[in-house]
Amino acid sequence: MDLLNTLVDKGLRRELPTRAEALAVLATSDDDLLDVVAAAGKVRRHWFGRRVKLNYLVNLKSGLCPEDCSYCSQRLGSKADILKYTWLKPDDASKAAAAGVAGGAKRVCLVASGRGPTDRDVDRVAGTIKAIKDQNEGVEVCACLGLLSDGQADRLREAGADAYNHNLNTSESTYGDITTTHTYADRVDTVQKAHAAGLSACSGLIAGMGETDEDLVDVVFSLRDLDPDSVPVNFLIPMEGTPLAAEWHLTPQRCLRILAMVRFVCPDVEVRIAGGREVHLRTMQPLALNLANSIFLGDYLTSEGQAGHADLEMIADAGFEVEGAGEVTLPEHRATAGDCGSHEDAGCGGGCGGHEGAGVCGSAPASTSTPAAAPQVDEVRRDLVAVRRRGAGTDLAPNA
């Protein structure tokens, strides 16, 4: 298949595909899906072998966010019956993190709801980072605290943070349809602040919000331009009580095509399967490991994920191995770059992306302007969306 051969060659050279080629991946038929996965898998294995990096989320502050992001169960006006609590104490956050590290996670992602941190919040998180690193030798820490003000990224870096996550989520042209309380430009600015401070920037997307194929390609190309080191790919978790609760547009096959497109556009960066993999990929999760080299272990921010031991069994059964604490995730040319891997033909870059949230292969598809067709009613699996009731903010043991 000429398209796939071309994309593999470009991926091995870190060469950017054309927009038409990226759109063609999303337009491939189900009959061609295994060929698409196999081709993108060659690129994934070239840069990352068969290693799978495990990441663990700790929700430091849950709910009551003043922002109105339509996909989020913590949003302003959300009626979702989620856990709500204020800042965890550093020792409590460190205990939660330790559970993930014991389960095999090498990165802990500290997330807090809200528009962005105050300077006092940054001090609070700095204490939490210290507590985690004091008690878990060698662990990476990624912060995800919302929009950053001047100087805050530098302070987080000085406190020991290794990375900062802030997702673009969707295309610039449609961003105003999902959020009105801040702008797409605000998000870009925060990713750039993280980069400038020497933090490993990570930024990703959410698929399944009714976007077009063009929207998906737009946001992934924008991410590549920003050049973060990792890209979390979230699949919308349609939580009851949020404006997007009825958005069930994804099938396992579409999720795999999206991951393949991201891998081709971002060949040498950490691509993470983030929120929603259990809901939408379901039994196809092991196949997705051929495309992404990173996942979250256990639960997400306000929803429950697959059992931690099941994640580990899935990785082993699929013929992959958990990336060790002493192994470097990124290829050498990115890991040793002083500016977090920036290069002329840079890839795009996952961190804390656990939100709450057809055509013939080889030819460019016709432009589309409507969302992908919704799945049949019997494919809507609300039984797979469970509100998190354990771990951080509760007295119950975490899932790790």
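Select strands β1 (residues 51-61) and β2 (residues 107-112). They pair in the parallel sense over six bridges. Strands here are DSSP E runs of at least two residues, helices are H or I runs of at least four, and both are numbered from the N terminus. Two strands count as paired if DSSP finds at least two bridges between them. For one contact point, click Asn 59 in β1: the bridge partner in β2 is Val 111. Now add helix α4 (residues 90-102), through which the chain crosses from β1 to β2. This β-α-β crossover is right-handed: with the strands pointing away from the viewer, the path from the first strand over the helix to the second runs clockwise.

This is a predicted model, in which local features need pLDDT of at least 70, side-chain atom pairs count only at pLDDT 80 or more, and totals for chains, interfaces and linings use all residues. Residues are numbered from 1 along each chain as its sequence is written, and side-chain values use heavy atoms, with hydrogens and water left out.

Stay on β1. Add strand β9 (residues 294-296), which runs parallel to β1 and is joined to it by three bridges. Leu 54 stands opposite Ile 295 there. Next add strand β10 (residues 321-322), also parallel to β1, with two bridges. Val 52 has Val 322 as its bridge partner. Is β1 covered or not? Mostly covered: eleven of its eleven residues are buried. Buried means under 20% relative accessible area, exposed over 50%, and partly exposed in between (1.4 Å probe, protein chains only).

Go to the largest nonpolar core, of 100 residues. Such a core is a set of buried Ala, Val, Leu, Ile, Met, Phe, Trp, Tyr and Cys residues joined through side-chain atoms within 4.5 Å. Select Val 58, Leu 156, Phe 235 and Phe 264, which touch the most other members. Helix α10 (residues 252-265) gives the largest share, nine residues. A second, separate core has eleven residues, including Leu 57 and Ala 274.

Now pick His 166, in the loop between β4 (163-165) and α7 (175-178). His 166 is buried, at 6% relative accessible area. Beyond four places in sequence, its contacts (heavy atoms within 4.5 Å) include Arg 187, Cys 202 and Ser 203.

Finish by colouring on pLDDT, the predictor's confidence in each residue from 0 to 100. The mean is 88, and 89% of residues reach 70 or more. Select residues 338-378: pLDDT stays under 50 there. Where pLDDT is low, the predicted coordinates should not be read in detail.
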